[in-house]
Amino acid sequence: MFEVKVDRRDPALLHDQVAADIRRAITDGEAKPGERLPPARDLAAVLGVNSNTVLRALRLLRDEGLLELRQGHGIRVTGTPQRSAVLTKVVELVQLGRQNGYTRTELARMIESSP
């Protein structure tokens with residue numbers, strides 16, 4: 001199992017730290033597609049954070065397509081290192097676009113019209 005840690009002195013939100021560590025584990029191949037992760041409450045206990053913090057991180061990764069969360073079936077890695085790298089760039093692009101006043105629709109049009 002890969003290492004997930006939080007640093008309370010770090011200005012990054014705790015759920016973002018948890019998500020970043022899991023994302024890194026997927027990118028580095030430490031957590032492979034199809035592999036099950038420990039339940040959120042177990043991760044929360046190990047990290048010393050509220051289970052809602054871990055659940056928020058897991059939902060973020062689910063929305064990125066890296067994890068599958070199914071009641072009664074646990075948490076499974078569905079993304080690949082390549083997908084994770086691409087999704088990281090997509091998130092960066094959306095944030096940059098938002099900072100510069102572009103909507104997701106406008107960004108999508110730009111991507112579609114690029115060579």
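Colleague: How many salt bridges does the structure hold?

Modeller: Side chains of opposite charge can pair when their charged atoms come close. This is a predicted model, and the structure holds six salt bridges. One of them joins Arg9 to Asp7, with 3.3 Å between the closest N and O atoms.

Colleague: Is Arg9 buried or exposed, and how should Asp7 be classed?

Modeller: Arg9 is exposed, at a relative accessible area of 75%. Asp7 counts as partly exposed, with 29% relative accessibility.

Colleague: Which residue does Asp28 meet in a salt bridge?

Modeller: Asp28 meets Arg24, at 3.4 Å from N to O. Asp28 is partly exposed, with a relative accessible area of 49%, and Arg24 counts as partly exposed at 28%. A further salt bridge lies between the side chains of Asp63 and Arg62, at 3.1 Å from N to O. There, Asp63 is exposed, its relative accessible area being 59%, whereas Arg62 counts as partly exposed at 36%. Returning to Arg24 and Asp28, salt bridges that share partners join these two residues and Glu30 into one network.

Colleague: I should like to set these pairs within the fold. In what order do the elements of the protein chain run?

Modeller: From the N terminus on, the order is α-β-α-α-β-β-α-α, which comprises five helices and three strands. Along the principal axes, the C-alpha atoms fill a box of roughly 45 × 35 × 25 Å. Among contacts between residues at least 6 apart in sequence, 50% join residues at least 24 apart.

Colleague: How is the interior to be read, and which residues of the largest nonpolar core touch the most other members?

Modeller: In soluble globular proteins, nonpolar side chains tend to be buried together. In this model, the largest nonpolar core has 22 residues, and Ile22, Ile26, Val54, Leu58 and Leu67 touch the most other members. At least two residues of this core come from each of helix 1 (14-27), helix 2 (40-47), helix 3 (51-63) and strand 3 (74-77). Helix 1 gives the most, with five residues. In the protein chain, buried residues make up 31% of the 115 residues.

Colleague: Which residues does Leu58 touch, leaving aside those up to four places away in sequence?

Modeller: Leu58 touches Ile22, Ala40, Leu67, Leu69 and Ile75 when residues up to four places away are not counted.

Colleague: Which residues are buried in helix 1?

Modeller: An α-helix has 3.6 residues a turn, so residues three or four places apart point the same way. In helix 1, the buried residues are His15, Gln17, Val18, Ala19, Asp21, Ile22, Arg23, Ala25 and Ile26. Helix 1 has 14 residues and reaches 20 Å from its first C-alpha to its last, close to the 20 Å expected at 1.5 Å a residue. Gly29 follows helix 1 and has a positive phi, near 80 degrees.

Colleague: What is the order of the strands in the sheet?

Modeller: The open sheet of three strands has the order 1-3-2, with antiparallel pairing. Strand 1 (36-37) and strand 2 (67-70) stand at the edges with a single partner strand each, so one side of each is left without a neighbour in the sheet.

Colleague: How many bridges join strand 2 to strand 3?

Modeller: Four bridges join these two strands, which run antiparallel. Leu67 stands opposite Val77 in strand 3, and Leu69 stands opposite Ile75 in that strand. In a regular strand the side chains alternate between the two faces of the sheet. The hairpin of strand 2 and strand 3 has three residues between the strands, and Gly72 takes a positive phi near 85 degrees there.

Colleague: Where does helix 3 lie with respect to these strands?

Modeller: Helix 3 lies across strand 2 and strand 3, and runs at about 120 degrees to strand 2. Arg59 is found in helix 3 and is partly exposed, with a relative accessible area of 36%.

Colleague: How far apart are Arg59 and Val77 in sequence and in space?

Modeller: Arg59 and Val77 are 18 residues apart in sequence and 12 Å apart in space, from C-alpha to C-alpha.

Definitions and conventions. Residues are numbered from 1 along each chain as its sequence is written. This is a predicted model: local features need pLDDT of at least 70, side-chain atom pairs count only at pLDDT 80 or more; totals for chains, interfaces and linings use all residues. Side-chain values use heavy atoms; hydrogens and water are left out. A nonpolar core is a set of buried Ala, Val, Leu, Ile, Met, Phe, Trp, Tyr and Cys residues joined through side-chain atoms within 4.5 Å. Buried means under 20% relative accessible area, exposed over 50%, partly exposed in between (1.4 Å probe, protein chains only). Contact means heavy atoms within 4.5 Å. Two strands pair if DSSP finds at least two bridges between them. Axes are lines fitted to C-alpha atoms, for helices over the stretch in contact, and angles run from 0 to 180 degrees between N-to-C directions. A salt bridge is a side-chain nitrogen of Lys or Arg within 4 Å of a carboxyl oxygen of Asp or Glu. The expected span of a helix is 1.5 Å times one less than its number of residues.
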